[in-house]
Amino acid sequence: TTQIIDKGRQFGIKVTPAEASGLASLINQQTRLGKGFDDAGDLIGQFYRERAGQEAAAIDDFIGVTPSGAKAGADVKAVAERTIEGAKETRRAAATPLYKQYVDNFVLPDDVVRSFTDDPLLVKYAQKVVDDPVYGFKGSLDDNKSSLSLWDAAKKALDDDAASAAKEGKMFRASRFGSSTKKITEAVDAINPGYKEARAAYAGLSPEVDAFLEGLEGSLAKSRGKGLAQSARSLFNSADVGPMDVARIRNQFVAQGKEAEWDQTLNYWLRHQWETIKKGKGDPDGVNMAGDWRKRVFGSERQQKIMQLAMGPQRYSAFTDLMEVLEATGRVPKGQSMTQPAMEAAKQESFDAAPVASLTKGFGVGGLRDWWIANKTDAWRTSLAKVITNKDAVDTLSQLRQLRSLNPKSEKAIEVVSLALTQAGVMGGGKVLSTPPSRIPQVLDQQPSK
């Protein structure tokens with residue numbers, strides 16, 4: 001418990017004993033005090049508002065340098081493009097020597113050429129290749145019809161369209177394309193076994209390229225305009241990506257010497273979540289905003305794993321410390337009650353928060369409760385609120401360990417809470433009671449009057 005309070009101090013965030021310990025007795029007491037429309041309720045409310053500022057400052061400091069959405073998205077797009085191009089280059093490097101040896105200068109015999117030119121679909125795609133300057137063929141189709149390079153290029157174009165047709169469910173079309181490409185491979189493999197070897201080298205590295213093109217990298221590489229910021233915003237959302245996706249993209253940034261850009265992209269995402277919450281209208285005082293942010297960036301095991309893999313060990317350690325503190329500060333419900341009956345109920349409960357056991361003979365059984373209700377309720381609530389929100393309130397925790405074995409709603413639990421906090425207030429220099437500590441009688445194991 002004290003560790004959480006110490007962590008809070010490191011971030012400049014005050015944590016009360018109730019929030020740090022999670023003990024139901026303390027949480028119930030702090031909740032009742034905060035709901036009252038009296039000095040105690042105002043004091044607790046002011047504490048929450050001030051702490052909201054502390055939490056906001058800690059979050060802003062942790063997030064750090066934040067690029068624009070367009071800049072973050074552009075960095076993501078560039079890394080994805082280079083990753084895909086790198087995979088393609090690896091494939092080319094493996095297959096190119098074989099293609100140069102077995103394809104580029106290979107001249108097809110006339111009977112094979114005639115079998116190709118008799119197929120209208122092959123002729124159509126061969127003509128497309130000749131007409132496309134990207135391929136670099138000079139002259140007409142007839143000038144190049146004996147070149148294996150021409151028909152290999154036509155085959156690859158057919159392969160691409162066959163794959164697209166299959167994805168669209170146009171299976172007959174895909175089958176027709178496949179039949180034409182099979183005609184090329186069977187005819188050439190029979191006279192040039194090296195062609196099959198070259199294709200195998202190319203095909204062996206194609207799954208990696210295809211995985212990038214069809215996966216997250218492909219989507220990121222296609223982003224543009226307003227979609228750049230959106231791609232950066234989706235990169236860390238557990239609903240959009242998995243932990244392994246994030247780990248893979250991070251490794252790509254690091255491999256390309258872009259680790260700083262990766263950290264800033266993560267900062268952009270964290271900042272976007274924070275700004276989105278701040279723009280909400282459901283929390284005008286901002287006392288719940290930090291907790292809401294925590295739910296967004298750390299609210300599930302999947303999201304936590306994404307954050308762990310997105311950050312380096314040192315930053316993630318600091319991040320989990322901050323999350324632990326924000327979890328603690330969200331344990332006690334905040335906000336005042338809006339009805340007078342609820343206010344009266346809170347006052348009645350405040351009587352239970354005082355020492356309720358009887359005094360020594362001079363006061364009689366039940367005398368303490370009657371005296372407390374008549375004279376000290378408001379002062380007690382206000383002073384107790386001061387104790388709870390005081391920076392030294394953690395010192396009371398050593399007196400509260402026995403609560404773990406008690407029913408949080410029991411009279412004994414309430415008694416322990418009340419006495420410990422009362423003593424902390426007196427010992428801390430601020431009087432909880434107008435009565436000097438020496439005049440507070442010893443508590444006996446007697447029941448109060450009803």
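This briefing covers helix 19, the nonpolar cores, the aromatic pairs, the salt bridges and two buried polar residues. The model is predicted. Helix 19 spans residues 313–329 and gives the most residues, seven, to the largest nonpolar core. That core has 48 residues. The structure also holds 24 salt bridges and 11 aromatic pairs.

**Helix 19**

- Helix 19 has 17 residues. From first C-alpha to last it reaches 25 Å, close to the expected 24 Å.
- Its buried residues are Y316, F319, D321, L322, M323, V325, L326, A328 and T329.
- These buried residues pack against helix 1 (2–10), helix 2 (17–21) and helix 4 (39–63), among others. They also pack against helix 17 (289–298) and helix 18 (301–310).
- E324 of helix 19 is partly exposed, because its relative accessible area is 27%, and buried means under 20% while exposed means over 50%.

**Nonpolar cores**

- In general, nonpolar side chains of soluble globular proteins tend to be buried together.
- The largest nonpolar core has 48 residues. Those with the most contacts inside it are F236, L270, W293, M307 and F319.
- Helix 19 gives the most to this core, with seven residues.
- A second core is separate and has 29 residues. Among its members are A95, L121, V129 and L158.
- Which residues does W293 touch, leaving aside its neighbours within four places in sequence? The contacts are I59, I63, L270, Q273, W274, I277, F319, L322, M323 and L326.
- Of the W293 contacts, F319, L322, M323 and L326 are also listed among the buried residues of helix 19.

**Aromatic pairs**

- The count of aromatic pairs comes to 11.
- One of them joins F298 and F319 edge-to-face. The ring centres are 5.5 Å apart, with 85 degrees between the planes.
- This pair links distant parts of the chain: F298 is in helix 17 and F319 is in helix 19, 21 residues apart.
- Both F298 and F319 are buried.
- Ring pairs also link F62, F298, Y316 and F319 into a cluster.

**Salt bridges**

- Side chains of opposite charge can pair when their charged atoms come close.
- The count of salt bridges is 24.
- R9 and D6 meet in a salt bridge, with N and O 3.4 Å apart. Both lie in helix 1, three residues apart, which is about one turn of the helix.
- R9 is partly exposed at 46% relative accessible area. D6 is partly exposed too, at 37%.
- E324 forms a salt bridge with K7, and the closest N and O atoms are 2.6 Å apart. The pair links distant parts of the chain: E324 sits in helix 19 and K7 in helix 1, 317 residues apart.
- D189 forms a salt bridge with R199, with the closest N and O atoms 2.9 Å apart. D189 is in helix 10 (residues 171–191) and R199 is in helix 11 (residues 193–204), 10 residues apart.
- Is R199 buried or exposed? R199 is buried, because its relative accessible area is 15%, and the cut-off is under 20%.
- Salt bridges that share partners join K7, D321 and E324 into one network.

**Buried polar residues: N267 and Q303**

- N267 lies in helix 16 (residues 259–278). It is buried, with a relative accessible area of 7%.
- A polar atom of the N267 side chain lies 3.0 Å from the backbone oxygen of I63.
- Leaving aside neighbours within four places in sequence, N267 is in contact with I63, G64, V65, T66 and R315.
- Q303 is found in helix 18. It is buried, because its relative accessible area is 4%, where the cut-off is under 20%.
- How far apart are Q303 and A239, in sequence and in space? They are 64 residues apart in sequence and 8.8 Å apart in space, C-alpha to C-alpha.
- Leaving aside neighbours within four places in sequence, Q303 is in contact with F236, N237, S238, W269, R296, V297 and F298.
- Two of these Q303 contacts appear elsewhere in this briefing. F236 is one of the residues with the most contacts inside the largest nonpolar core, and F298 pairs edge-to-face with F319.

Definitions and conventions. Residues are numbered from 1 along each chain as its sequence is written. This is a predicted model: local features need pLDDT of at least 70, side-chain atom pairs count only at pLDDT 80 or more; totals for chains, interfaces and linings use all residues. Side-chain values use heavy atoms; hydrogens and water are left out. Helices (H or I, at least four residues) and strands (E, at least two) are DSSP runs, numbered from the N terminus. The expected span of a helix is 1.5 Å times one less than its number of residues. Buried means under 20% relative accessible area, exposed over 50%, partly exposed in between (1.4 Å probe, protein chains only). Contact means heavy atoms within 4.5 Å. A polar contact is a pair of N or O atoms within 3.5 Å; within protein, one must be able to donate a hydrogen and the other to accept it, and residues adjacent in sequence count only if both atoms are side-chain atoms. A salt bridge is a side-chain nitrogen of Lys or Arg within 4 Å of a carboxyl oxygen of Asp or Glu. A nonpolar core is a set of buried Ala, Val, Leu, Ile, Met, Phe, Trp, Tyr and Cys residues joined through side-chain atoms within 4.5 Å. Rings of Phe, Tyr and Trp (its six-membered ring) pair if their centres lie within 6.5 Å; planes under 30 degrees apart count as stacked, over 60 as edge-to-face and the rest as tilted.
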